[in-house]
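Q: Could you go through this structure with me, a bit at a time? I have some questions about its cavities, rings and cysteines.

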Amino acid sequence: SPHIGALNISRAHIARTPALLGESDVVKALQLEPGISAGVEGMAGMYVHGGNQDENLYMLDNIPLYQVNHFGGLFSAFNTEAISNVDFYKSTFPAKFDGRLSSYMDVYTRDGSFSRFSGSGRLGLTSGSLHLEGPLWKGHTAYSVSLRRSWFDVLTLPICAIVNSTKNEGDAKDNFGYAFTDLNAKITHRFSPTSRVYAMFYYGNDYLSDNSRQDEKHDGYWEDDLNRMRWGNIVASVGWVKEFTPTLYGRISGAYTRYSSMLSTKNEDAEYDNGERQNYTYSKITTRNNISDWILRGDFEWNTSSANAVNFGAAATFHSFLPQRTDRRTVAENMEYTARENAPVYHARELNLYAEDNLLAMGFLRLSAGVHYSLFNISGTTKHALSPRLGFNLSMGNVALKGGYSRTAQFVHQLAQSSISMPADQWVPVIGDQKAQSADKISLGAYWNPRNLLTISVEGYWKWMHNLTDYMDEYYLLPPLAQWDMKLCEGRGWAKGIDFKVSKEFGSFRGQVSYSLLWADRQFPQRNGGRKYPARYDNRHKINVLVDWKINDKWEIAASWTGMSGNRVTLPLQCWQDPGLGPFNYNMFLRGNINNYRLPFYHRLDLSATRHTAHGYWTFSLYNAYCHINTIGVRLDYSDTYIFMNPDDWSTVVYSRPEFQKIRLIPIIPSISYTWLF
């Protein structure tokens, strides 16, 4: 392949990678690759070559997913049991892909067996899954169904009951519940060896609730608070895959994809006197956001000769965006107030065309040249982007050199106010005078395969990013109902680095060692005084070691070690008291540059062991095996109390000094699961 940084990952590779709580995950497996940062520890985030989280295009059978995280990113939405294999690109990109700046990941789901029924069931500490596949019409029609659900809501029930039993009568009782569900289903029918159709469906849902209630309704104060969140994806697609001639292959598909979230806060309170309710108030605030797409696309491959292949295709997408809508309802005694935010719904039409030629010249030189054209029409305004792609692969025995240039454009982006993926994060289009985000990237790689024993690679890149979008400084000072685009500013970004990797991917002992060196910077006229500053995930050095040893037919062990420079955070340079607010209020800060402090070096060891039985296998794992509790953030607290004596009247005043404290999160976590094969 002429594409630098391209990977194809199998389901087996994902399953044997150690992960938090024993949940194998494709995104966390990719985090072990050079040039990819995880973001916050334990989360299924992905920051590729200095890019942001929303600059990665995640696809399920060629259909975009806009939210791929469960529980704030603790798990991804991709159930390993439903996956066939994964294509991933991080440096140079085929002309087919556009719409994001940093990476492209296409997850292919399993077709199911056309010959026999089979399945698997997994039971773990935090979740369980079930996979079934087999023929509906032997040799012609097959199905594949995978279901995964978490147990967090079941586990928290007894914990909440025990905590509430220790409280005094009249105290508020707290209940917490969370659960996520994934459902993948696919039916494939073969008309002939050269023609088949398929229908695919995915449903992913998260539900989170937090309830605090006082049940006293005779005398005294009564209150009931309920917070709920619900978010998830729906994807449905149908497609026809056809070998039209021995040299022309194509896929035509239609799809619908939708992401939506709902956050609701309800409060009821009243006073009771001899069982009669007085001073009753009720308030409820519900906020929603969603994005949905209708997609029609065709992708074709034409092998004009044994040495030349042309890929081409087109896609039309109808977008609908609701960045945010808030409903408010308030009741006070006999008065009721209801309001709905007049939030606009944006409709956009997008057209994509691409063509790429791959030529094998002189037997040792492969050339690739392509172009991707995008048109984005919204609110009567049409925006265009032309994205050329060039690449070469020069092979000389067991040595190869690759080089390439890619330009990409992005018309939709995500507004996030925290480093953790939250359901309130909004997907919004470029509107008005906003320009599409774009990136130009040059990559060069060298590869060596000595005696077919190891693969050694060194890849370097330089990326320029334009029209990046972020919140401006102190955007929160704007009126609460100010439209979202008034809070944004546009700027530039730069990223450069080197990825080094040594891997052995065959035999009973497999493994890889990788190292990446990264610089990532941003500059916005309305942020940091217009000065350049490092990106939050400017992880300068990153080292990964992954080993897997199949001892015999019963036992297999794996280990992974990760070490990297800490993330960056913003800390004030000085803080002092406001004279008018008393001795305990250090609320005046001297601001420094954005991301002016680097967290301590991060490192962690994960271990796993698999014990195969006659009907399945046990999986044992240790996350953070030597229990190094890493620093994931910094908070400002007040401590080190001291006494100041006034010499005039000998009075004393107690002061509290401010200090920064490290936030540490995840200790050693063991897990166990059993997978039954049938």
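What follows is a chat about cavities, aromatic rings, cysteines and a few single residues.

Q: Before anything else, what kind of model is this?
A: This is a predicted model, and the values we discuss are computed from it.

Q: OK, cavities first. How many are there of 30 Å³ or more?
A: The count comes to eight cavities of that volume or more.

Q: And how much space lies in the largest cavity?
A: The largest cavity holds about 370 Å³ of space. It is lined by 26 residues, of which L57, P64, D98, E350 and N352 are the closest to its centre.

Q: Which elements give two or more residues to that lining?
A: Those elements are β4 (56-60), β17 (276-305), β18 (308-332), β20 (346-361) and β21 (365-378). The largest share of the lining comes from β18, which supplies five residues.

Q: How does the lining of the largest cavity divide by class?
A: By class, the lining has 12 nonpolar residues, eight polar residues and six charged residues.

Q: What volume does the second largest cavity have?
A: The second largest cavity has a volume of about 320 Å³. Its lining is made up of 28 residues, and the closest to the centre are Q31, A38, G42, Y602 and R604.

Q: Which elements give two or more residues there?
A: For the second largest cavity, the elements that give two or more lining residues are β31 (541-550), β32 (555-564), β37 (602-612) and β39 (631-645). The residues of that lining divide into 13 nonpolar, 10 polar and five charged.

Q: Switching to rings: how many aromatic pairs does the count come to?
A: There are 21 aromatic pairs by this count. One of them joins F300 and F312, which are stacked with 5.4 Å from centre to centre and 20 degrees between the planes.

Q: Which parts of the chain does that pair tie together?
A: F300 lies in strand β17 and F312 in strand β18, so the pair ties together parts of the chain that are 12 residues apart in sequence.

Q: Are those two rings buried or exposed?
A: Neither term fits, as F300 is partly exposed with a relative accessible area of 22%, and F312 also counts as partly exposed, at 30% relative accessibility.

Q: What about F376 and F411, why is that pair stacked?
A: The ring centres of F376 and F411 are 5.0 Å apart and their planes are at 5 degrees, so this pair is stacked. The pair links distant parts of the chain, since F376 is in strand β21 whereas F411 is in the loop between β23 (399-410) and β24 (412-415), 35 residues apart.

Q: Buried or exposed, those two?
A: Both F376 and F411 are buried.

Q: Which residues form an aromatic cluster?
A: One aromatic cluster is formed by F75, F152, Y178, F180 and W231.

Q: And where do charged side chains sit over rings?
A: The charged end of R190 sits over the ring of F114, at 3.7 Å from the ring centre. K402 lies over the face of Y447, with 5.1 Å to the centre of that ring.

Q: New topic, cysteines. How many disulfides does the structure hold?
A: The structure holds zero disulfides. A disulfide, in general, is a covalent bond between the sulfur atoms of two cysteines.

Q: Is C489 buried or exposed?
A: C489 counts as buried, at 3% relative accessibility. C627, by contrast, is partly exposed, with a relative accessible area of 35%.

Q: Where does C627 lie, and what is its phi?
A: C627 lies in the loop between β38 (616-623) and β39, and its phi is near 55 degrees, a positive value in a residue other than glycine. Most residues other than glycine have a negative phi.

Q: What is the phi of N452?
A: N452 has a positive phi of about 55 degrees, although it is not a glycine. N452 lies in the loop between β26 (437-448) and β27 (455-471) and counts as exposed, at 54% relative accessibility.

Q: Last one: where is A520 found, and is it buried or exposed?
A: A520 is found in strand β29, which covers residues 509-523, and at 1% relative accessibility A520 counts as buried. The C-alpha atoms of A520 and E556 are separated by 39 Å, and these two residues are 36 residues apart along the chain.

Terms used
Residues are numbered from 1 along each chain as its sequence is written. This is a predicted model: local features need pLDDT of at least 70, side-chain atom pairs count only at pLDDT 80 or more; totals for chains, interfaces and linings use all residues. Side-chain values use heavy atoms; hydrogens and water are left out. On a 1 Å grid over the protein atoms alone, a cavity is a set of points where a 1.4 Å probe fits but cannot get out, and a pocket is an open set with protein on both sides within 12 Å along at least five of seven lines; lining residues have an atom within 4 Å of a point. Grid points are joined across faces, edges and corners, and a volume is the space filled by probe spheres set on the points. Helices (H or I, at least four residues) and strands (E, at least two) are DSSP runs, numbered from the N terminus. Ala, Val, Leu, Ile, Met, Phe, Trp, Tyr, Cys and Pro count as nonpolar, Asp, Glu, Lys and Arg as charged, and the others, Gly among them, as polar. Rings of Phe, Tyr and Trp (its six-membered ring) pair if their centres lie within 6.5 Å; planes under 30 degrees apart count as stacked, over 60 as edge-to-face and the rest as tilted. Buried means under 20% relative accessible area, exposed over 50%, partly exposed in between (1.4 Å probe, protein chains only). A charge sits over a ring if NZ of Lys or CZ of Arg is within 6 Å of the ring centre and within 35 degrees of the ring normal. A disulfide is a pair of cysteine sulfur atoms within 2.5 Å.
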